[in-house]
Amino acid sequence: MAPKDKYTVILPTYNERRNLPIIIWLLNRTFTENKLDYEIIIVDDASPDGTLEVAQQLQKLYNPKHILLRPRPGKLGLGTAYVHGLKSASGNFVIIMDADFSHHPKFLPPMIATQKRTGCDIVTGTRYAGDGGVYGWDLKRKLVSRGANLVADTVLRPGVSDLTGSFRLYKKSVLEKVMAKTESKGYTFQMELMTRAVGMGYRVEECPISFVDRVYGESKLGGEEIVEYLKVCCGGTRQFYRPVKTDVLTRTQGVLSLWVKV
C-alpha cells in the first residue's frame with residue numbers, strides 16, 4: 001500500500017496580521033474536509049505589525065503538528081522565503097501561495113485532483129485559461145499583468161498561460177531540484193522557477209483559479225521587485241544596476257538571457 005500523501009503549504013508573510021487567522025482557518029477547513037494530511041509553514045520576515053505573535057497564537061490553536069513557524073530577522077525576498085520554508089517541509093507535495101486571500105484555498109482540491117489524475121510534477125493555478133479570472137484590479141493593472149506574461153511567454157516559451165502566477169503545487173523532490181538551480185530572489189522567482197522546471201523536462205498542468213486582490217494591507221510588491229522584473233527583461237542579473245532601457249529588442253535580449261541559462 002502506497003504511503004499517504006502529505007501536503008506542505010509554505011506561507012511567506014509580511015504585515016499579514018489581519019489576514020493570517022482567516023487564511024489558516026480556511027486552509028485547515030479545506031484539508032480537514034477533504035481528509036488530507038497537511039502542515040503549514042509560516043515564514044515571517046520580522047513583520048512590524050505583529051504577524052509573528054498572531055502566528056504563535058494560531059500554532060497553539062491548531063497544534064504545532066500542523067503549524068510550523070520559521071521566522072527570519074528581516075525582509076529577505078520572496079524566493080529565499082520559499083527556500084527557507086522548504087528546508088522544514090515534511091510533505092511529499094509542497095504548495096506555494098500568498099497569505100492575503102489572492103489565492104483561495106478552495107482551489108486546492110481541484111489542483112490536487114489534477115495532479116492525481118495526470119501524475120504531473122507541477123500544477124500551476126492560472127488566471128488566464130479556462131474559467132480563471134482576476135477580480136479587484138483596474139484595467140491598467142490587468143493590462144500590465146497580461147503584458148508581462150505575454151512578453152515572458154513569447155520569449156521563454158514555458159508553455160503555461162500564467163508565468164507570473166504564484167499559486168502552485170509541486171512534488172517536493174521536483175521543487176528541491178529546480179530551486180537549487182534558480183537564481184532569482186524576489187518576485188521574478190516564480191517566473192524563473194517555472195521556466196527552469198520546463199527546461200529540465202518536468203511535466204506541468206494548469207488549473208484555472210480566480211485571483212482576488214488582497215483584502216487587508218498593502219501589496220508587498222515594491223520598487224525593488226519591480227526593478228527586478230525589469231532587470232530580467234533588460235539583460236539579466238549582471239545588468240541590475242545599469243540604466244533600464246525600454247526598447248523591445250533590449251527587453252527581448254534580457255528575457256532571452258534567462259532562457260539561455262535554463
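**Exercise 1. Find the residue that forms a salt bridge with glutamate 39, and place both residues in the fold.**

Solution.
Step 1. Start with the criterion. A salt bridge is a side-chain nitrogen of Lys or Arg within 4 Å of a carboxyl oxygen of Asp or Glu.
Step 2. Glutamate 39 pairs with lysine 6, and their closest N and O atoms are 3.5 Å apart.
Step 3. Locate the two ends. Glutamate 39 sits in strand β2 and lysine 6 in strand β1, 33 residues apart. Helices (H or I, at least four residues) and strands (E, at least two) are DSSP runs, numbered from the N terminus.
Step 4. Check exposure. Glutamate 39 and lysine 6 are buried. Buried means under 20% relative accessible area, exposed over 50%, and partly exposed in between (1.4 Å probe, protein chains only).

A note on the source: this is a predicted model, where local features need pLDDT of at least 70, side-chain atom pairs count only at pLDDT 80 or more, and totals for chains, interfaces and linings use all residues. Residues are numbered from 1 along each chain as its sequence is written, and side-chain values use heavy atoms, with hydrogens and water left out.

**Exercise 2. Work out how β1, β2 and β3 are arranged.**

Solution.
Step 1. Take β1 and β2. They run parallel and are joined by 8 bridges. Two strands pair if DSSP finds at least two bridges between them.
Step 2. Pick one bridge. Isoleucine 10 has isoleucine 41 of β2 as its bridge partner.
Step 3. Follow the chain. It goes from β1 through α1 to β2, in a right-handed β-α-β crossover. Right-handed means that, with the strands pointing away from the viewer, the path from the first strand over the helix to the second runs clockwise.
Step 4. Move on to β3. β2 and β3 are parallel too, with 3 bridges between them.
Step 5. Return to isoleucine 41. Its bridge partner in β3 is leucine 68. The chain passes from β2 through α2 to β3, and this β-α-β crossover is right-handed.
Step 6. Ask how covered β2 is. Of its 8 residues, 7 are buried.

**Exercise 3. Describe the largest nonpolar core and the surroundings of isoleucine 40.**

Solution.
Step 1. Define the object. A nonpolar core is a set of buried Ala, Val, Leu, Ile, Met, Phe, Trp, Tyr and Cys residues joined through side-chain atoms within 4.5 Å.
Step 2. The largest core has 33 residues. Those with the most contacts inside it are Leu11, Ile24, Leu27, Ile40 and Ile95.
Step 3. List the suppliers. Elements giving at least two residues each include β1 (6-13), α1 (20-33), β2 (37-44) and α4 (108-118). The largest share, 6 residues, comes from α1.
Step 4. Look around isoleucine 40. Neighbours within four places in sequence are set aside. What remains in contact is Val9, Leu11, Ile24, Leu27, His66, Ile67 and Leu68. Contact means heavy atoms within 4.5 Å.
Step 5. Look for another core. A second, separate one has 26 residues, including Ile41, Tyr82, Leu86 and Ala89.
Step 6. Add the background. In a regular strand the side chains alternate between the two faces of the sheet.

**Exercise 4. Compare the settings of two further salt bridges, one at aspartate 121 and one at glutamate 192.**

Solution.
Step 1. Aspartate 121 pairs with lysine 171, with the closest N and O atoms 3.5 Å apart.
Step 2. Aspartate 121 lies in the loop between α4 and β5 (122-126) and lysine 171 in strand β7 (residues 168-171), so the pair ties together parts 50 residues apart in sequence.
Step 3. Aspartate 121 is buried, at 15% relative accessible area. Lysine 171 is partly exposed, at 24%.
Step 4. Now turn to glutamate 192. Its side chain meets that of arginine 196 in a salt bridge (2.6 Å, N to O).
Step 5. Both residues lie in helix α7 (residues 189-199), 4 residues apart, about one turn of the helix.
Step 6. Glutamate 192 is buried at 2%, and arginine 196 is buried at 5%.
Step 7. Extend the pair. Glu183, Glu192 and Arg196 are linked in a network of salt bridges.
Step 8. Set the count. The whole structure holds 7 salt bridges.

**Exercise 5. Summarise the protein as a whole.**

Solution.
Step 1. Count elements: 9 helices and 9 strands.
Step 2. Check burial: 50% of the 262 residues are buried.
Step 3. Check contact range. Among contacts between residues at least 6 apart in sequence, 77% join residues at least 24 apart.
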